[in-house]
Amino acid sequence: MLQLDGVVPGYAVNGRRTAVSSRIDETLRGGELACLIGPNGAGKSTLMRTMAGLQIPLEGVVRFDGADVHGMPPASRARHLAVVLTEPVQVPMLTAYDLVAFGRVPYTDWGGTLAAHDRDMVGQALEAVGATELGARHVVELSDGERQRVMIARALAQEPAAMILDEITGFLDLPRRIEIMQLLRHAAHEWGCAVLLSTHDLDLALRTADRIWLMPKGRPLHTAMPETLVLSGAFQAAFNFADVEFDEQSGSFRVRHPRHWPVTTTGDASGVTWTERALERYGFYAAPAGGKPGVRIEVTRGAAGMRWNVHFDDASHQHANLEELIQALRTRLEHQVEQDRI
């Protein structure tokens, strides 16, 4: 499919060559959704542009079915490889249908006349992304999410074997990001495309991608199933920052808060989860097994709603909301700290 053979992505300025990664030998497989992730400055966009044939690698060759992508005529390359970049397209006079029809340009005559098959492909592409009803609307009238669906339809209309999409979900809200990721999974699994999407939405990538291309800054590219990268420790190492850590057990990122007071929280499962998240922000942490239990909090759910029963060594109290609970805990424990200093 799309193969990187000893590729070193980078750029040259005034004769000075700067590599953004070491040598890459990897294949983007058909029928798979792969997500390229990594911290800012790691070189993800440079790698994507290199794979798309828009930038020459410092070393190595990008091949499509054995042919050098950078040596292919643009029209031939466009029949096999579709590219959607970060920058929004400014086409005020075009309808969504017209924009998707541009995906058929590699197949039309010099005048751009659409044959019956071309019109069929435009219709199928719009239908595949759930945008048939948008066809008659002007692109400037579309929301960000609608426009991105149309751009993916334009790429699908090319009948590509591979799609490269650079951070196309960055300015969308969460429901629209999920929608776009599901569309790309459908394109990979149902249309057989090889799909590579760069994204900063790490949680969604871990839950959705068939493979992760992990590009740590200044270190070699890692590719594997999302779960494999997490269990090997590679994912945590790539995103190990002073104030944020990746929690392997929950599969999510956590802000590193100061840890002052241990608490033991039991009771309603979802109540416990959200109570612990709230307490964490204020310096409370789960008491380690076998250690001092600290303050004990029992979370219950009844007809009157949630209740928090707090047990100190010398007293117990009940609270009807989290704000009240946290205020009471902080007042009690800060007073205890002052007493210990006396």
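1. Two strands pair when DSSP finds at least two bridges between them, and helices (H or I, at least four residues) and strands (E, at least two) are DSSP runs numbered from the N terminus. Those terms will serve for the strands and helices below. Please bear in mind that this is a predicted model, in which local features need pLDDT of at least 70, side-chain atom pairs count only at pLDDT 80 or more, and totals for chains, interfaces and linings use all residues. Residues are numbered from 1 along each chain as its sequence is written, and side-chain values use heavy atoms, with hydrogens and water left out.

2. A good place to start is strand β10, residues 194-198. All 5 of its 5 residues are buried (under 20% relative accessible area with a 1.4 Å probe, protein chains only; exposed is over 50% and partly exposed lies in between). From β10, Ala194, Leu196 and Ser198 point one way, while Val195 and Leu197 point the other way. In a regular strand, side chains alternate between the two faces of the sheet.

3. Next, look at the partners of β10. Strand β9 (residues 162-166) runs parallel to β10 and is joined to it by 5 bridges; Ala162 has Ala194 as its bridge partner in β10. Between β9 and β10 the chain passes through helix α6 (residues 174-191), and this β-α-β crossover is right-handed (with the strands pointing away from the viewer, the path from the first strand over the helix to the second runs clockwise). Strand β5 (residues 33-37) also pairs with β10 in the parallel sense, over 4 bridges. Ala34 stands opposite Leu196, and Leu36 stands opposite Ser198.

4. Strand β5 deserves its own look. It is largely enclosed by the rest of the structure, because 5 of its 5 residues are buried. Leu33, Cys35 and Ile37 point one way from β5, and Ala34 and Leu36 the other way. β5 also pairs with strand β11 (residues 211-214), in the parallel sense and over 4 bridges. There, Trp213 of β11 is the bridge partner of Leu36.

5. Now for the interior. The largest nonpolar core (buried Ala, Val, Leu, Ile, Met, Phe, Trp, Tyr and Cys residues joined through side-chain atoms within 4.5 Å) has 53 residues, and those with the most contacts inside it are Ile37, Ile152, Met163, Leu165 and Leu184. Helix α5 (residues 144-157) gives the most to this core, with 7 residues. Apart from it lies another core of 26 residues, including Leu2, Ala42, Ala52 and Ile164. Leaving aside neighbours within four places in sequence, Leu165 is in contact (heavy atoms within 4.5 Å) with Met48, Val84, Ile152, Leu184, Val195, Leu196, Leu197 and Ser198.

6. Helix α1 (residues 44-51) is mostly covered, with 6 of its 8 residues buried. Those buried residues are Lys44, Thr46, Leu47, Met48, Thr50 and Met51. After α1 comes Gly53, whose phi is positive, near 85°.

7. Two other residues have positive phi although neither is a glycine: Asp65, at about 50°, and Glu159, near 55°. Asp65 is in the loop between β6 (59-64) and β7 (67-68) and counts as exposed, at 60% relative accessibility. Glu159 is in the loop between α5 and β9 and counts as partly exposed, at 33%.

8. Do browse the aromatic rings too. There are 3 aromatic pairs (ring centres of Phe, Tyr and Trp, the last by its six-membered ring, within 6.5 Å; planes under 30 degrees apart count as stacked, over 60 as edge-to-face, the rest as tilted). The Phe235 and Phe239 pair is tilted, because their ring planes stand at 45°, with centres 5.1 Å apart. Phe235 and Phe239 are both buried, and ring pairs link them with Phe246 into a cluster.

9. Finally, visit Tyr107. The charged end of Arg79 sits over its ring (CZ of Arg, or NZ of Lys, within 6 Å of the ring centre and within 35 degrees of the ring normal), 5.9 Å from the centre. Arg104 also lies over the face of Tyr107, at 4.1 Å from the ring centre. Asp118, in helix α4 (residues 116-128), is buried, with a relative accessible area of 5%. Leaving aside neighbours within four places in sequence, Asp118 is in contact with Arg104, Tyr107, Thr108 and Thr113.
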